[in-house]
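Work through the exercises below with the sequence and the three-dimensional model open beside you. Each task is followed by a solution that proceeds step by step.

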Amino acid sequence: MALALSLGRRGWGTTWPNPSVGCVIVSSGRIVGRGWTAPSGRPHAETQALAQAGDAARGATAYVTLEPCAHWGQTPPCAGALAAAGVARVVVAVGDSDPRVAGRGITMLREAGLEVECGLLEQEARHDHMGFFSRIERGRPMITLKLAQSFDGRIATATGESKWITQAPARRIVHAMRANHDAVVVGGGTLRADDPLLDVRDMGVRTQPARIVVSRHLDIPFTSRLAQTAAVTPLVLCHGPEAPAGLVQAWRDLGAQMLVCRTEGRQLDMGDVTQQLGLYGLTRVFCEGGSAIAASLLSADLVDHLVGFTSGIAIGAEGLPGVGAMGLAQLSQAPRFDLVGTQVVGPDITHRWVRNSG
């Protein structure tokens with residue numbers, strides 16, 4: 001099952017809205033087939049592993065990281081495919097909460113006479129499929145917030161200079177993190193200040209993450225690199241209902257997907273923004289700022305993973321803080337996270353946190 005989980009991770013960022021599943025088929029102590037969900041979600045992991053195993057699948061055991069599907073979509077149900085191939089036993093890490101499956105896959109296997117075991121490495125599988133479960137159960141993707149800051153928590157000088165606070169090794173890790181997510185999101189201010197491309201470079205990836213910009217009034221430049229590549233790599237613009245119709249149509253003509261989101265005060269309602277992204281099909285979203293969108297996500301308790309990169313440089317109070325104003329009067333109101341790991345990355349350090357379990 002550990003191998004199946006590692007295979008499933010190979011599809012992170014490429015299979016949405018489907019989960020990235022891993023499958024390993026074992027016969028007489030020998031691996032005869034393995035597979036993971038293909039880009040765009042088809043074919044499924046079980047189908048690929050069965051194709052590799054061929055006749056050796058008969059009487060074998062299949063290890064699958066998520067309950068095999070039981071419904072007809074673009075392809076027949078994987079539970080039926082496992083039974084038809086003569087697999088004798090299926091070990092499932094975690095059940096599927098999708099209402100179209102939700103135990104039906106396991107029932108289909110058992111009714112076909114297969115032995116089914118559930119729960120092997122379940123917590124690891126829940127972690128790996130967190131984005132998929134989040135979209136199904138909460139209606140929104142899993143959100144990772146990344147902050148690359150100076151030692152004193154600044155992301156730019158008072159004049160806006162920010163390249164580069166962290167060094168090349170840290171930036172390379174960021175590209176790997178982008179590749180493991182369905183989409184990368186920034187606010188309109190970051191787009192205007194930095195003109196980022198938000199792609200994955202020098203990693204050999206074939207599928208680029210979608211790019212998302214959150215801008216209530218769509219006051220973002222058509223000369224940006226995102227605008228120039230909108231027809232090549234998916235670009236999603238989250239805007240308010242009052243955004244000028246002419247701008248909305250102009251961006252749509254460039255190839256951007258437009259998502260109308262509710263407003264809350266002077267800003268977009270990030271709860272609705274994330275719900276719209278869930279409806280769009282995204283399961284894993286990587287937020288790279290700036291400070292206003294970071295504050296909005298944290299204030300709305302929408303951050304599942306927090307990743308910090310800290311450099312040994314001090315910028316001072318006049319610099320731009322990594323997180324904007326949150327209006328907190330007491331520490332008890334501040335969102336807290338649990339530390340899960342730290343690492344030295346060249347001259348910088350990275351620290352990873354998850355939503356507080358308390």
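Two residues are in contact when they have heavy atoms within 4.5 Å. The model is predicted, so local features need pLDDT of at least 70 and side-chain atom pairs count only at pLDDT 80 or more, while totals for chains, interfaces and linings use all residues. Residues are numbered from 1 along each chain as its sequence is written, and side-chain values use heavy atoms, with hydrogens and water left out.

**Exercise 1.** Describe the overall build of the chain.

Solution. Begin with the secondary structure, which comes to 12 helices and 18 strands; here helices (H or I, at least four residues) and strands (E, at least two) are DSSP runs numbered from the N terminus. Next, take the radius of gyration, 22 Å, which is close to the 21 Å that the globule rule gives for 358 residues, so the chain is as compact as a globular protein of that length; the radius is taken over C-alpha atoms, and the rule is 2.2 Å times the number of residues to the power 0.38. The C-alpha trace spans about 70 × 45 × 40 Å along its principal axes. Finally, of the contacts with a separation of 6 or more, 71% are between residues 24 or more positions apart.

**Exercise 2.** Place Ser-291 in the fold and decide whether Ser-291 is buried or exposed.

Solution. First, locate Ser-291 in helix 12. Then apply the cut-offs: buried means under 20% relative accessible area, exposed over 50%, and partly exposed in between (1.4 Å probe, protein chains only). Because its relative accessibility is 13%, Ser-291 counts as buried. Lastly, setting aside residues up to four places away in sequence, Ser-291 touches Ile-155 as well as Leu-320, Pro-321, Gly-322, Val-323 and Gly-324. For the chain as a whole, 50% of the 358 residues count as buried.

**Exercise 3.** Characterise the largest pocket and one residue that lies nearest its centre.

Solution. Start from the terms: on a 1 Å grid over the protein atoms alone, a cavity is a set of points where a 1.4 Å probe fits but cannot get out, a pocket is an open set with protein on both sides within 12 Å along at least five of seven lines, and lining residues have an atom within 4 Å of a point. A volume is the space filled by probe spheres set on the points, which are joined across faces, edges and corners. The largest pocket holds about 1,400 Å³ of space. Its lining has 50 residues, and those nearest the centre include Asp-194 and Glu-288. Helix 7 supplies the largest share of this lining, seven residues. Asp-194 itself lies in helix 8 and is partly exposed, with a relative accessible area of 29%. Leaving aside neighbours within four places in sequence, Asp-194 is in contact with Ser-162 and Lys-163.

**Exercise 4.** What classes of residue line the second largest cavity?

Solution. A search of the whole structure finds two cavities of 30 Å³ or more, and the second largest has a volume of about 50 Å³. Among its lining residues are Ile-143, Val-185, Met-270 and Leu-297. Helix 11 gives the most to this lining, with four residues. To sort the residues, count Ala, Val, Leu, Ile, Met, Phe, Trp, Tyr, Cys and Pro as nonpolar, Asp, Glu, Lys and Arg as charged, and the others, Gly among them, as polar. The lining then divides into 10 nonpolar, one polar and no charged residues.
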